[in-house]
Amino acid sequence: MKIWNVLLISLTPFYLFAQNSLGPRLTAMGNNGAAITDVWSLQANPSGISSLEKPTVSLNYIKHLFSNAISTQALVAVVPFKNNFVGASFQRYGLAEYNESKIGFAYAKKFGNKLSIALNGNYHQLKITNYGSSAGFSIDVGALYQLDKEFTFGAFVSNPSKQEFSNKDVLMEIPTSFNIGASYLASDKVLIATSISKTLNQSIDVSLGIDYKIIDLLSLRGGLSAKPFKQYAGFGLNYKKFLLDMATTYDANLGYAPQIAIGYAF
């Protein structure tokens, strides 16, 4: 049965390859990471880590229900010091016979109270049983601009130099994507976000999400994306320094993908 899992992953890169884990909060909001500040912004727009006031770490696990053998594990950590922020991330996707992993290191700087700019370097590795492994490097560049208390705008580019894997026998590429977005803080309880994304050789994707803080302890989230059409839902619990977030994604082709993240803000 595992050989069919390998074939499924290998033959459907449009849906599966290099799908960053954005953490349950950003995922539940429609995979909106362009203009939202969060520790998981490391996996999207790295300039989004510039709002963190304390060192924060979070661990994420995603179960892909189209196959019990396939899962994603991810870890992010951010340390702020004055107007500078450093972060590290790790992600692994796949199973024993086929897996992708990525390690990233980011640096973000805040210029005044409005503008943040960040750079993230990634090391990619791809392993396929009986075919060997291959590695590659990429960078992400991001910017975030807070117009006022309500509106925030963001943009980021992943792999703008179109870096590829070093092994030419591996035909899969490191994706290049362009993303812009905006978020609107409608009240102290409601955050609305939208983004437009374009990955080379794929259709333009538009997403919309909302985060509703019912009480200080509990937030409910939901979102939609267009290409491919997906639905998202989730919730978050914030108790003192502990963070617990859960989300699920529904894709008509791949089914449900529930995930959970546990974090701690020092």
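In which loop is Lys82 found? In this predicted model, Lys82 belongs to the loop between E2 and E3, and its relative accessible area of 83% is over the 50% cut-off, so the residue is classed as exposed. The backbone at this position is marked by a phi near 60°, which is a positive value in a residue other than glycine. The two strands on either side, E2 and E3, form a hairpin with two residues between them, and Lys82 is in the turn. A positive phi is also found at Lys162, where the angle is about 55° although the residue is not a glycine. Lys162 is placed in the loop between strand E7 (151-158) and strand E8 (177-185), and with 54% relative accessibility it is likewise counted as exposed.

The hairpin of E2 and E3 is held in an antiparallel arrangement over 11 bridges, and within this pairing Val79 stands opposite Val86 in E3. Strand E3 in turn pairs with E4, again in the antiparallel sense and over 11 bridges, and these two strands form a hairpin with three residues between them. One of the bridges in this second pairing sets Tyr93 against Glu100 in E4. Ser89, which is part of strand E3 (residues 84-94), offers a view of the surroundings of the strand. Ser89 has a relative accessibility of 5%, under the 20% limit, and therefore counts as buried. When residues up to four places away in sequence are not counted, Ser89 touches Gln43, Leu75, Val76, Lys102, Ile103 and Gly104.

Attention now turns to the nonpolar interior. In soluble globular proteins, nonpolar side chains tend to be buried together. The largest nonpolar core of the model has 22 residues, and those with the most contacts inside it are Ile36, Val39, Trp40, Leu42, Ile49 and Val78. Strand E2 (71-81), strand E4 (98-111) and strand E9 (190-199) each contribute at least two residues to this core, and the most is given by E2, with three residues. The surroundings of one core member, Ile49, can be described in detail: leaving aside residues up to four places away in sequence, Ile49 is in contact with Asp38, Val39, Ser41, Leu42, Val78, Phe85 and Ala108. Apart from the largest core lies another one, of nine residues, among them Tyr93, Tyr98, Leu126 and Met172.

Charged side chains form a further set of links, and the count of salt bridges comes to five. In one of them, Asp211 is joined to Arg25, with the closest N and O atoms 3.2 Å apart. Because Asp211 lies in strand E10 (residues 204-213) and Arg25 in helix H3 (residues 23-28), this pair ties together parts that are 186 residues apart in sequence. Asp211 is buried, its relative accessible area being 7%, and Arg25 is buried as well, with a relative accessible area of 17%. Asp211 also forms a salt bridge with Arg221, in which the closest N and O atoms are 3.0 Å apart. Here the partners lie in strand E10 and in strand E11 (residues 218-225), so the parts tied together are 10 residues apart in sequence. Both Asp211 and Arg221 are buried.

A salt bridge is also formed between the side chains of Asp251 and Lys230, with an N to O distance of 4.0 Å. Asp251 is part of strand E13 (residues 242-251) and Lys230 of strand E12 (residues 230-239), so that the pair ties together parts 21 residues apart in sequence. Asp251 is buried, with a relative accessible area of 3%, and Lys230 counts as buried at 14% relative accessibility. Salt bridges that share partners join Arg25, Asp38, Asp211, Arg221 and Asp245 into one network.

Within this network, the surroundings of Arg25 deserve a closer description. The side chains of Arg25 and Asp38 are joined by a polar contact of 3.1 Å. When residues up to four places away in sequence are left out, Arg25 touches Ile36, Thr37, Asp38, Leu191, Asp211, Arg221 and Asp245.

A last backbone feature concerns the peptide bond between Lys227 and Pro228, which is cis, with omega at about -5°. Pro228 is located in the loop between E11 and E12.

Technical notes. Residues numbered from 1 in each chain as written. Predicted model: local features only at pLDDT ≥ 70, side-chain atom pairs only at ≥ 80, totals over all residues. Heavy atoms only, no water. Core = buried A, V, L, I, M, F, W, Y, C linked by side-chain atoms within 4.5 Å. Buried < 20%, exposed > 50% of the residue type's maximum accessible area, 1.4 Å probe, protein only. Helix = DSSP H or I, 4+ residues; strand = E, 2+ residues; numbered from the N terminus. Contact = heavy atoms within 4.5 Å. Pairing = 2+ DSSP bridges. Polar contact = N/O pair within 3.5 Å; in protein donor to acceptor, adjacent residues only side chain to side chain.
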